[in-house]
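Okay, thanks for making time, everyone. I'll put the structure up and then walk you through it, starting from the inside.

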Amino acid sequence: MEKKVEINESLCTGCGACVSMCPARILKMEKGKAKVTDHQSCDMLAGCMYACPTGAIKVNRKARMAGIFGF
Ligand code: SF4
């Protein structure tokens, strides 16, 4: 299955902003880095991506559009 959210660990500073922002609660901090715990439950609102100060998070655009428009 295609990942809905990708986190670039080398860019993650462990600030936790994305975890606080996620309404689906699918992100957690692990050893100082953000991790996706459940790709299936991601609603792709992309708040995590916009909250991240380092650009470490990418929400899969294709999967996001499919979720919004149903294609
Ligand atoms: S907001 Fe970005 S830098 Fe902060 S914990 Fe999440 S992925 Fe890491």
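So, let's start with the core. The largest nonpolar core has 11 residues. Going along the chain, those are Val5, Ile7, Cys18, Cys22, Leu27, Ala34, Cys42, Cys48, Cys52, Ala56 and Ile57. As a general point, nonpolar side chains in soluble globular proteins tend to be buried together. One thing to keep in mind while you look at this: it's a predicted model.

Take Ala34 from that core. What does alanine 34 touch, once we skip residues up to four places away in sequence? The list is Ile7, Cys12, Cys18, Val19, Leu27 and Met29. Of these, Ile7, Cys18 and Leu27 are core members too.

Ala34 also turns up at the ligand, where it is among the closest residues, along with Cys12, Cys15, Cys18 and Cys52. In total, 14 residues surround the ligand. And what is that shell like by class? We get 10 nonpolar residues, four polar ones and no charged ones. Cys18 and Cys52 are on that closest list, and you just saw both of them in the core.

Let me zoom out for a second. The protein has three helices and four strands, and from the N terminus the order is β-α-β-β-α-β-α. The C-alpha trace spans about 35 × 20 × 20 Å along its principal axes. How does the radius of gyration look for 71 residues? A compact globule of that length would come out near 11 Å, and the protein has 11 Å, so the two agree. Buried residues account for 17% of the 71. On the contact side, if you take pairs at least 6 apart in sequence, 52% of the contacts join residues at least 24 apart.

Now the hairpin. Strand β2, residues 27–30, runs antiparallel to β3, and four bridges join them. Leucine 27, our core residue from before, has valine 36 as its bridge partner in β3. Next along, lysine 28 stands opposite lysine 35, so to speak a lysine facing a lysine across the strands. Two residues sit between the strands in this hairpin, and lysine 31 takes a positive phi there, near 55°.

That brings me to backbone angles. Most residues other than glycine have a negative phi. Past β3, in the loop that leads to α2, we find methionine 44, with a positive phi of about 60°. Alanine 46 is in the loop between β3 and α2 as well, and its phi is also positive, near 70°. Buried or exposed, then, for methionine 44? Somewhere in between: it has 19 other C-beta atoms within 10 Å, and buried would take 20 or more, so it counts as partly exposed. Alanine 46 has 18 of them and is partly exposed too.

Last stop, threonine 54. You'll find it in the loop between α2 (47–51) and β4 (57–59). Why does threonine 54 count as exposed? Because it has 12 C-beta neighbours inside 10 Å, and 12 or fewer is the cut-off for exposed. Still, threonine 54 has company: beyond its neighbours within four places in sequence, it is in contact with Leu11, Cys12 and Thr13. Cys12 is the residue we met at the ligand. Arginine 25, on the other hand, is 29 residues from threonine 54 in sequence and 20 Å away in space, C-alpha to C-alpha.

Okay, that's my tour. Happy to rotate the view if anyone wants another look.

Key. Residues numbered from 1 in each chain as written. Predicted model: local features only at pLDDT ≥ 70, side-chain atom pairs only at ≥ 80, totals over all residues. Contact = placed C-beta atoms within 7 Å. Near = placed C-beta within 6 Å. Nonpolar A, V, L, I, M, F, W, Y, C, P; charged D, E, K, R; others polar. Core = buried A, V, L, I, M, F, W, Y, C linked by C-beta atoms within 7 Å. Pairing = 2+ DSSP bridges. Rg over C-alpha atoms; globule rule 2.2 N^0.38 Å.
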